[in-house]
Amino acid sequence: MKPVSLIQFLIEERRAGRINAELSLLIEVVARACKRISVATGKGALGGVLGNAGSDNVQGEAQKKLDVISNEILLEANAWGGQLAACASEEMEDPQPIPDMYPKGNHLLLFDPLDGSSNIDINVSVGTIFSILRCPDGISEPAAEHFQQPGTEQLAAGYVVYGPATLMVLTFGHGTHEFTLDREVGSFTLSRRDIRIPEETAEFAVNMSNQRHWEAPMQRYVGELLAGKEGPRAKDFNMRWVASMVADVHRIVTRGGVFFYPLDARNKAKGGKLRLMYEANPMAFIVEQAGGAATTGRERIMELQPTGLHQRVPVFLGSKKEIELATHYHREADGAQG
Ligand code: P6P
């Protein structure tokens, strides 16, 4: 079968009326920026880009040089195209307006420019996560509150995983699709159309070192997985934890599974660890469009009304039946507590 490039795919989708020209162009610009990030991450020690930047981000986390470089690449690529009103990033406290000398568009772009960057120095897959929203009408200088829209308002979401291959997984509400970067040609080529995540799984991803801090329903749910064949689930489960959300989610998108970053006694005051606007919401959109589910353990992630640009939430996502069961345990425990 003749390979379909990302650009050809987007033209097909425009012809079918599933995407407009501005959004199509915006996705192409993001894809091009991620190709540059792929080159930068691929240089490793030879590029002088490993190690810490010597600064902290808005989350108070030490920034890697590649965090800052990736953020700059995405900001520069998106400044002049005319599709955006502003950008927001994990690496920046406030939204970044489009410079006055450039045309502004009707979209808002949010991103985690290099998620899992603590893995860079050990050469484990990292990734870019992005989400695209509509800019409210009449707003030329979007502020944080204009970005704070529920995940159901997303026009598109995607991630690019920089691994042995560089892959982009993308949705704009009509299925979830995967594109592989053909480095010889320099373009993303469609490699999986209409991905489906199996509803059942025997593979889970969670940082087990936090187990003693989890809430009771999470202890119960994971305890049953660990009990395996002899336990109430009557089957054995396998565990994977890359500690790079994009890599863990891509495994689930590829072969099923579930991913958890639950509330625990240490992160409860902050609302969780992972960020709603540019990690949980885009991943939830991608997973739901592939037939999976995404909750906080209590409610659907995409229905949350955001209260802050860098708001943190618990994340349960992946194979539908398992997410439903884990969420049921949490709701049941809440009900029991009254
Ligand atoms: P832990 C990476 O720092 C990240 O934000 C996600 O990519 C990843 O899933 C999680 O944190 C890993 O957290 O506690 O295992 O280091």
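A pocket, on a 1 Å grid over the protein atoms alone, is an open set of points with protein on both sides within 12 Å along at least five of seven lines. In this predicted model, the largest pocket is the space taken by the ligand.

The shell around the ligand can be read along the chain. It begins with Asp115 and Gly116, continues with Asn207 and Trp241, and goes on through Ala243, Ser244 and Met245. Phe259, Tyr261, Lys273, Leu274 and Glu279 are also among the residues around the ligand. Sorted by class, six residues of this shell are nonpolar, three are polar and three are charged.

Oxygen atoms of the ligand take part in several polar pairings. The side chain of Asp115 places an N or O atom 2.6 Å from a ligand oxygen. Lys273 also contributes through its side chain, with a polar atom 3.2 Å from an oxygen of the ligand. At Met245 the partner is a backbone N or O atom, which lies 2.7 Å from a ligand oxygen. The ligand taken alone would expose 400 Å², and the protein buries 82% of that area.

Salt bridges are the next topic. The structure holds 19 of them, and three can be followed residue by residue.

Arg18 pairs with Glu13, and their closest N and O atoms are 2.6 Å apart. How accessible is Glu13, buried or exposed? Glu13 has a relative accessibility of 3% and therefore counts as buried, the cut-off being under 20%. Its partner Arg18 has a relative accessible area of 38%, so Arg18 is partly exposed.

A second salt bridge joins Asp100 and Lys104, with 4.0 Å between the closest N and O atoms. Asp100 counts as exposed because its relative accessibility is 68%, where the cut-off is over 50%. Lys104, at a relative accessible area of 31%, is partly exposed.

The third example lies between Arg251 and Asp248, whose side chains meet in a salt bridge with an N to O distance of 2.9 Å.

Terms used. Residues numbered from 1 in each chain as written. Predicted model: local features only at pLDDT ≥ 70, side-chain atom pairs only at ≥ 80, totals over all residues. Heavy atoms only, no water. Near = heavy atom within 4 Å. Polar contact = N/O pair within 3.5 Å; in protein donor to acceptor, adjacent residues only side chain to side chain. Areas by Shrake-Rupley, 256 points an atom, 1.4 Å probe, with all protein chains shown as cover. 1 Å grid on protein atoms, 1.4 Å probe; cavity = no way out; pocket = protein on both sides within 12 Å on 5 of 7 lines; lining within 4 Å. Sits in = over half its atoms within 2 Å of the grid points. Nonpolar A, V, L, I, M, F, W, Y, C, P; charged D, E, K, R; others polar. Buried < 20%, exposed > 50% of the residue type's maximum accessible area, 1.4 Å probe, protein only.
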